[in-house]
Amino acid sequence: MDKEILIGTTLREFNKNDNHYETQILFLESIKKQTYQNYRLIVTEFFEKNLKETLNKFNLKYTLIKSRKLEFL
């Protein structure tokens with residue numbers, strides 16, 4: 001049985017005007033193109049918009065972890 005690889009990351013909002021937009025898209029595309037496909041993205045979510053929608057467009061396996069410690073931000 002293949003082992004599942006967990007990839008932990010934090011993403012910013014997917015806003016085309018954001019400096020990080022292209023980098024994040026390239027990151028997701030590179031994960032999608034991997035030959036080993038038994039992985040899951042573990043994504044922390046703070047206040048980002050369009051996060052779930054964008055991840056769904058890439059058809060990636062992911063789990064969103066919504067932060068509860070927002071008083072520290």
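**Entry 1: the whole chain**

What percentage of the 73 residues of the chain count as buried? I looked this up before anything else, and the value is 27%. A reminder to myself: I am working with a predicted model.

Next I checked the overall layout. I found two helices and three strands in the chain. Walking along the sequence, I get the pattern β-α-β-α-β. For the extent, I took the C-alpha trace along its principal axes, and it spans about 40 × 30 × 15 Å. I also looked at contacts between residues at least 6 apart in sequence: 50% of them join residues at least 24 apart.

**Entry 2: the sheet**

In what order do the three strands sit in the sheet? I read it as β1-β2-β3, in an open sheet with parallel pairing. The edges are β1 (5-10) and β3 (62-66), and each of these pairs on one side only. Neighbouring strands are turned against each other by 20° on average, if I ignore direction. From my course notes: strands of a sheet pair through backbone hydrogen bonds, either parallel or antiparallel.

Then I went over to β2, which covers residues 39-45. Five bridges join β2 to β3, and the two run parallel. I picked out one pair to look at on screen: V43 has L64 in β3 as its bridge partner.

**Entry 3: helix α1**

Helix α1 takes in residues 21-32 and lies across β1 and β2. I noted its angle to β2 as about 155°.

I did a quick length check here. With 12 residues at 1.5 Å a residue, α1 should span 16 Å, and its end C-alpha atoms are 17 Å apart, so the two agree.

Which residues of α1 are buried? My list is Y21, Q24, I25, L28 and I31. They cover an arc of only 125° around the axis, so they sit on the same side of α1. What covers them includes β1, β2 and α2. On the other side of α1 I found T23 and L26, which are exposed.

**Entry 4: the nonpolar core**

My notes say that in soluble globular proteins, nonpolar side chains tend to be buried together. So I looked up the largest nonpolar core here, which has 14 residues. The members that touch the most other members are L11, F14, L28, L41, L55 and L60. The elements giving two or more residues to this core are α1, β2 and α2 (51-57). The largest share, four residues, comes from α1.

I zoomed in on F14. Leaving out residues up to four places away in sequence, F14 touches Y21, Q24, I25, L28, K49, N50, L51 and T54.

One of those partners, T54, got a closer look. T54 lies in helix α2. Is T54 buried or exposed? Its relative accessible area is 10%, and the cut-off for buried is under 20%, so T54 is buried. With neighbours within four places in sequence set aside, T54 is in contact with F14 and L28.

**Entry 5: two asparagines with positive phi**

I had it written down that most residues other than glycine have a negative phi. That made me look twice at N50, which is not a glycine but has a positive phi of about 65°. N50 is in the loop between β2 and α2. At 41% relative accessibility, N50 counts as partly exposed.

Where is N59? I found N59 in the loop between α2 and β3. Its phi is also positive, near 55°, and N59 is a residue other than glycine. N59 has a relative accessible area of 60%, and exposed means over 50%, so N59 is exposed.

**Entry 6: the start of the chain**

Last stop was K3, in the segment before β1. K3 counts as exposed, at 68% relative accessibility. What does K3 contact, leaving aside its neighbours within four places in sequence? I found Y36 and N38. I also took a distance: the C-alpha atoms of K3 and Y39 are separated by 8.3 Å, while these residues are 36 residues apart along the chain.

Key
Residues numbered from 1 in each chain as written. Predicted model: local features only at pLDDT ≥ 70, side-chain atom pairs only at ≥ 80, totals over all residues. Heavy atoms only, no water. Pairing = 2+ DSSP bridges. Axes fitted to C-alpha atoms, helices over the stretch in contact; angles between N-to-C directions. Contact = heavy atoms within 4.5 Å. Core = buried A, V, L, I, M, F, W, Y, C linked by side-chain atoms within 4.5 Å. Buried < 20%, exposed > 50% of the residue type's maximum accessible area, 1.4 Å probe, protein only. Expected span 1.5 Å × (residues − 1). Arc of directions from axis to C-beta.
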